[in-house]
Amino acid sequence: MTQSFELQVDKRRSLLDPVPELLEISARAPLSKAPGGMPGWIATGREVVRQILGDSERFSNVPPPEPGGRKLDQHEGSLLHIDPPEHSRLRRLVAPMFTVRQMRRLEPMMERIVADHLDVLERAGQPADLMRHFARPVSGLVLAEILGLPRDDLPELSRLSDYRAAGHSARRKPAATAYFRHFEQLVAEQRRHPGEGLVGTLIREHGDGVTDEELAGLCEGIANGSIENTAEAIALGTLALLLHPEQLALLRERPELMDRAVEELLRYVSVVAVVSPRTALVDVAIAGEMIRAGEVVSCSVLAANRCPHDDGLADGLDIAREESANHLALGHGNHFCLGAGLARVQMRIAFTGLLERFPGLRLGAGVEELRFRLLAPQFGVETLPVAW
């Protein structure tokens, strides 16, 4: 995998693995001054990352200013970038729509969408791009059903999302503005005619208690998680299984391991390698170091999930691993992934469908031909050719 530009060490990969430099940083200390090019501190130890993510009283999620003091553009409803009590108020509005009971109710819809796109993938012919014909449309259509978003909007959102993920490209900021504008228009339409999806439900139940910008921000955050994170988790999880044929064979032989496999694949691929940076609100003593008020900490989920730690857990992919549920791939604390249950159910249904439909599933190209999305907030693969 070519990386011809400077990328922070906690975002680099060697295929799906952490790079040696990150392993070395983690081996030296669970919390250390960030290496060149990164501000503040880097947390790599599993328990230190867990402590920081779980401490919303002493660490803020509000993005730190960029070099030069310019504040990042952010929206009122962006749960990732606000602190309690506003975060708690908005999260309470949408949390009832992502409960275990709700996910069970949505399972038939997800099964139908997965089945339809297994057909699409098969009709595409070998080798077929699993990202284009399966992972992205499945996660996008599930999102559309949940939000009440017209299906015809998905291609445009996907195009804008690709531009947003294009690092320092001049198209990135205009695409981010257009992406958010799309949800503002959705909210405006649903204010006039509330539908059955999440947006219409929030409008009917809370009226003016939630502003249009808050609603658009909530939709944007949910879309980011649903379309991008889940699609990449399905694609990279499939890739991980194809790169470990003994694990793929075990899952075929023992399908009752699927729930554990989903947790292990979430841990192993760690789509979100680094969560939003935390800024210390007061001086904080942790792991033998002192983080001063105002200093920024980059929490490496990839290191916490994949680097060796004192608990002695081996890093290799093991779908029978009982401890996988302790991973931090979905975050921790107040900002634990709102759609965690949704992602897990989609992954379970998607992997089950793929394995049943294509008993001979294999990579349709050499590993060296794969291209990855290195500058996007979510680590991912651009295309994933598969054959069967």
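Colleague: Is Leu15 buried, partly exposed or exposed?

Modeller: This is a predicted model, and every value I give is computed from it. Leu15 counts as partly exposed, because its relative accessibility is 26%. The residue sits in the loop between β1 (13–14) and β2 (17–18).

Colleague: What is the phi of Leu15?

Modeller: Phi is positive, about 60°, although Leu15 is not a glycine. Ala287 can be read in the same way: this residue is not a glycine either, and its phi is positive at about 55°. Ala287 is placed in the loop between β8 (284–286) and β9 (289–291). With a relative accessibility of 41%, Ala287 counts as partly exposed.

Colleague: Staying with the backbone, which residues does a cis peptide bond join, and what is omega?

Modeller: One cis bond links Pro84 to Pro85, with omega about 5°. Pro85 belongs to the loop between β5 (59–60) and α3 (86–94). Another cis bond links Gln126 to Pro127, and there omega is about -10°. Pro127 is found in the loop between α4 (100–124) and β6 (128–129).

Colleague: Now the cysteines. How many disulfides does a search of the whole structure find?

Modeller: The general idea comes before the count. A disulfide is a covalent bond that connects the sulfur atoms of two cysteines. The search of the whole structure returns zero disulfides.

Colleague: Why is Cys299 too far from the closest cysteine sulfur for a bond?

Modeller: Because the closest cysteine sulfur, in Cys307, is 14 Å from the sulfur of Cys299. The cut-off that matters here is 2.5 Å between the sulfur atoms. Cys337 is in no disulfide either, and its nearest cysteine sulfur, that of Cys219, is 16 Å away.

Colleague: Are Cys299 and Cys337 buried or exposed?

Modeller: Cys299 counts as buried, at 0% relative accessibility. Cys337 is partly exposed, its relative accessible area being 28%.

Colleague: On to helix packing. At what angle do α9 and α10 pack, and how far apart are their axes?

Modeller: Helix α9 covers residues 212–243 and helix α10 covers residues 245–253; they pack at an angle of about 105°, and their axes are 5 Å apart. That angle makes α9 roughly perpendicular to α10.

Colleague: Which residues meet between α9 and α10?

Modeller: From α9 come Leu241, Leu242 and Leu243. From α10 come Pro245, Gln247, Leu248 and Leu251. Sorted by character, the residues of this contact are six nonpolar, one polar and no charged.

Colleague: How should I read aromatic pairs, and how many are there?

Modeller: Two quantities describe a pair of aromatic rings: the distance of the centres and the angle of the planes. The count here comes to three aromatic pairs. Among them is Tyr179 with Phe183: the ring centres are 5.4 Å apart and the planes are at 75°, so this pair is edge-to-face.

Colleague: Where do Tyr179 and Phe183 lie?

Modeller: Both are in helix α7 (residues 172–192), four residues apart, so about one helical turn separates them. Tyr179 is buried, with a relative accessible area of 0%. Phe183 is buried as well, and its relative accessible area is 0%.

Colleague: What about the pair of Phe358 and Trp388?

Modeller: Their ring centres are 4.6 Å apart and their planes are at 35°, so the pair is tilted. Phe358 lies in the loop between α13 (340–357) and β11 (362–363), while Trp388 lies in the segment after β14 (385–387); the pair therefore ties together parts that are 30 residues apart in sequence. Phe358 is buried at a relative accessible area of 1%, whereas Trp388 is partly exposed at 22%.

Colleague: One last residue, Leu198. Where does Leu198 lie, and is Leu198 buried or exposed?

Modeller: Leu198 is part of helix α8 (residues 198–206). At 3% relative accessibility, Leu198 counts as buried.

Colleague: Which residues is Leu198 in contact with, leaving aside its neighbours within four places in sequence?

Modeller: The contacts of Leu198 on that basis are Val94, Met97, Phe98, Ile146, Leu147 and Ile222. For Leu147 there is also a C-alpha distance: its C-alpha atom and that of Leu198 are separated by 4.7 Å, with the two residues 51 residues apart along the chain.

How values were computed. Residues are numbered from 1 along each chain as its sequence is written. This is a predicted model: local features need pLDDT of at least 70, side-chain atom pairs count only at pLDDT 80 or more; totals for chains, interfaces and linings use all residues. Side-chain values use heavy atoms; hydrogens and water are left out. Buried means under 20% relative accessible area, exposed over 50%, partly exposed in between (1.4 Å probe, protein chains only). Axes are lines fitted to C-alpha atoms, for helices over the stretch in contact, and angles run from 0 to 180 degrees between N-to-C directions. Helices (H or I, at least four residues) and strands (E, at least two) are DSSP runs, numbered from the N terminus. Angles under 35 degrees count as roughly parallel, over 145 as roughly antiparallel, 65 to 115 as roughly perpendicular and the rest as oblique. Contact means heavy atoms within 4.5 Å. Ala, Val, Leu, Ile, Met, Phe, Trp, Tyr, Cys and Pro count as nonpolar, Asp, Glu, Lys and Arg as charged, and the others, Gly among them, as polar. Rings of Phe, Tyr and Trp (its six-membered ring) pair if their centres lie within 6.5 Å; planes under 30 degrees apart count as stacked, over 60 as edge-to-face and the rest as tilted.
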